Amino acid sequence: MLLGDWERIFKTAYNRSMKKIYGIIGDPVAHSLSPVMHNAAFKKLGMDAIYLAFRVSPEEVGDAIRGAKSLGIAGLNVTIPLKEKALSFVDAEEVAKKIGAVNTIDFSSGTPAGYNTDGIGSLRILKEVVGEINGKNVLILGAGGAAKAISFYLDAEGARVTIANRTREKAAQLVSKLRNADFISLGVELEKRIEDSNILINATSVGMHPNEDATLVNAYLMHPDLVVFDIVYNPLETKLLREAKRAGVKKIVDGVKMLVYQGAASFKIWTKKEPPIETMENAVRDALSHGSS
Ligand code: NAP
């Protein structure tokens with residue numbers, strides 16, 4: 001073998017070892033849009049990095065986090081059903097502890113550091129659309145992981161939050177951790193409360209593929225000045241958002257921006273670089289229009 005060949009092999013190996021690896025752990029995870037979104041960002045910024053999806057069961061989450069650290073993986077996202085369990089294996093920021101879940105792990109400081117960027121993403125998009133959040137009446141449908149993250153951020157921002165959830169105990173439990181919030185049922189109470197609301201957020205999985213004709217709120221309950229935000233992004237236009245259009249609602253927000261902004265916040269934690277938001281959003285919308293979920 002010639003010297004040039006060895007040099008090429010060495011350089012390839014060296015370059016490989018320098019490539020930063022990021023990823024997402026969850027189950028199911030194969031259809032996650034995070035790899036498409038982050039790899040587009042790395043390419044745009046000319047970074048030598050790759051983002052991969054790893055299927056991990058709840059029993060293996062601790063091993064996966066410890067293993068990722070040993071292998072030199074630079075950062076991880078965590079998705080369902082691991083967000084709550086992952087909290088026990090990281091040094092978590094205060095807000096993630098309050099929410100009870102992490103969606104981002106950074107390995108740069110030795111100890112795995114845990115963050116929750118879901119709430120940051122929803123707050124950022126709402127501020128863009130609504131402006132001031134302080135004093136707004138926000139009705140959140142759902143009391144699961146996403147609803148928790150969103151409500152903590154809106155509550156801290158001074159919104160008056162109402163939680164409407166199918167399982168009342170879960171709504172009561174969430175409200176007990178917020179400063180200025182109450183809860184109602186999904187029945188007749190909901191009709192009355194929408195009248196007085198400035199912002200309606202669907203943070204349940206209702207309307208998500210394959211149940212695309214499901215919605216908890218129909219057009220006749222909405223008023224044109226209500227801001228309607230559905231965090232479900234598959235399909236892009238959910239039944240709730242179609243109903244909002246029918247009701248003449250002027251400000252309608254789909255779930256893609258929240259996905260992009262939570263991803264952008266993770267990207268910044270890991271890389272300390274300004275994320276290329278437009279590139280990330282285009283990559284997600286493109287993948288969704290070609291049938292990814
Ligand atoms: P989760 O923790 O499993 O919570 C699911 C919530 O939906 C619960 O409040 C549940 O009510 C409610 N729900 C489910 N089926 C229902 C039905 N038939 N009728 C009424 N309520 C129902 O899930 P999650 O992590 O919060 O995610 C919720 C949705 O948000 C998913 O579709 C997810 O893909 C989406 N999401 C989007 C983003 C984004 O960036 N855009 C981020 C996170 C999540 P009970 O308490 O009664 O079970």
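Two strands count as paired if DSSP finds at least two bridges between them. That rule underlies the views below, which come from a predicted model.

**View 1. Six strands line up in an open sheet.**
The strand order is β2-β1-β3-β5-β6-β4. Pairing in this sheet is mixed. At the edges sit β2 (49-55) and β4 (91-92). Each of these edge strands pairs on one side only.

**View 2. Strands β1 and β3 run parallel.**
Residues 20-26 make up β1, and residues 75-78 make up β3. Four bridges link the two strands. Look for I24: its opposite number in β3 is N77.

**View 3. Helix α11 lies across five strands: β1, β2, β3, β5 and β6.**
The helix spans residues 256-271. Two of the strands beneath this title are β5 (104-106) and β6 (113-115). Helix α11 runs at about 10° to β5.

**View 4. The largest nonpolar core holds 55 residues.**
Three members touch the most other members: I140, L154 and I201. Which element gives the most to this core? Helix α11 does, with nine residues. Domain 1 (3-116 + 257-289) and domain 2 (119-254) both contribute residues, so the core lies between them.

**View 5. L154 has many contacts away from its own stretch of sequence.**
Leave out residues up to four places away in sequence. L154 then touches L123, L126, I133, V138, I140, A159, V161 and I201. Two of these, I140 and I201, also stand with L154 among the residues that touch the most other core members.

**View 6. A second core stands separate from the largest one.**
This core has 18 residues. Among them are V217, V228, A244 and A247.

**View 7. Strand β11 is covered on both faces.**
The strand covers residues 227-230. V227 and F229 lie on one side. V228 and D230 lie on the other. Are these four residues buried or exposed? All are buried.

**View 8. Strand β11 pairs with β10 and with β12.**
Strand β10 (residues 199-202) runs parallel to β11, and four bridges join them. Here I199 has V227 as its bridge partner in β11. Strand β12 (residues 251-253) is also parallel to β11, joined by three bridges. V228 has I252 as its bridge partner in β12.

**View 9. A helix carries the chain from β11 to β12.**
Follow the chain out of β11 and into helix α10 (residues 239-246). From there the chain reaches β12. What is the handedness of this β-α-β crossover? The crossover is right-handed.

Technical notes. Residues numbered from 1 in each chain as written. Predicted model: local features only at pLDDT ≥ 70, side-chain atom pairs only at ≥ 80, totals over all residues. Heavy atoms only, no water. Contact = heavy atoms within 4.5 Å. Axes fitted to C-alpha atoms, helices over the stretch in contact; angles between N-to-C directions. Core = buried A, V, L, I, M, F, W, Y, C linked by side-chain atoms within 4.5 Å. Buried < 20%, exposed > 50% of the residue type's maximum accessible area, 1.4 Å probe, protein only. Domains from an automatic or database assignment. Right-handed = clockwise from strand over helix to strand, strands pointing away.
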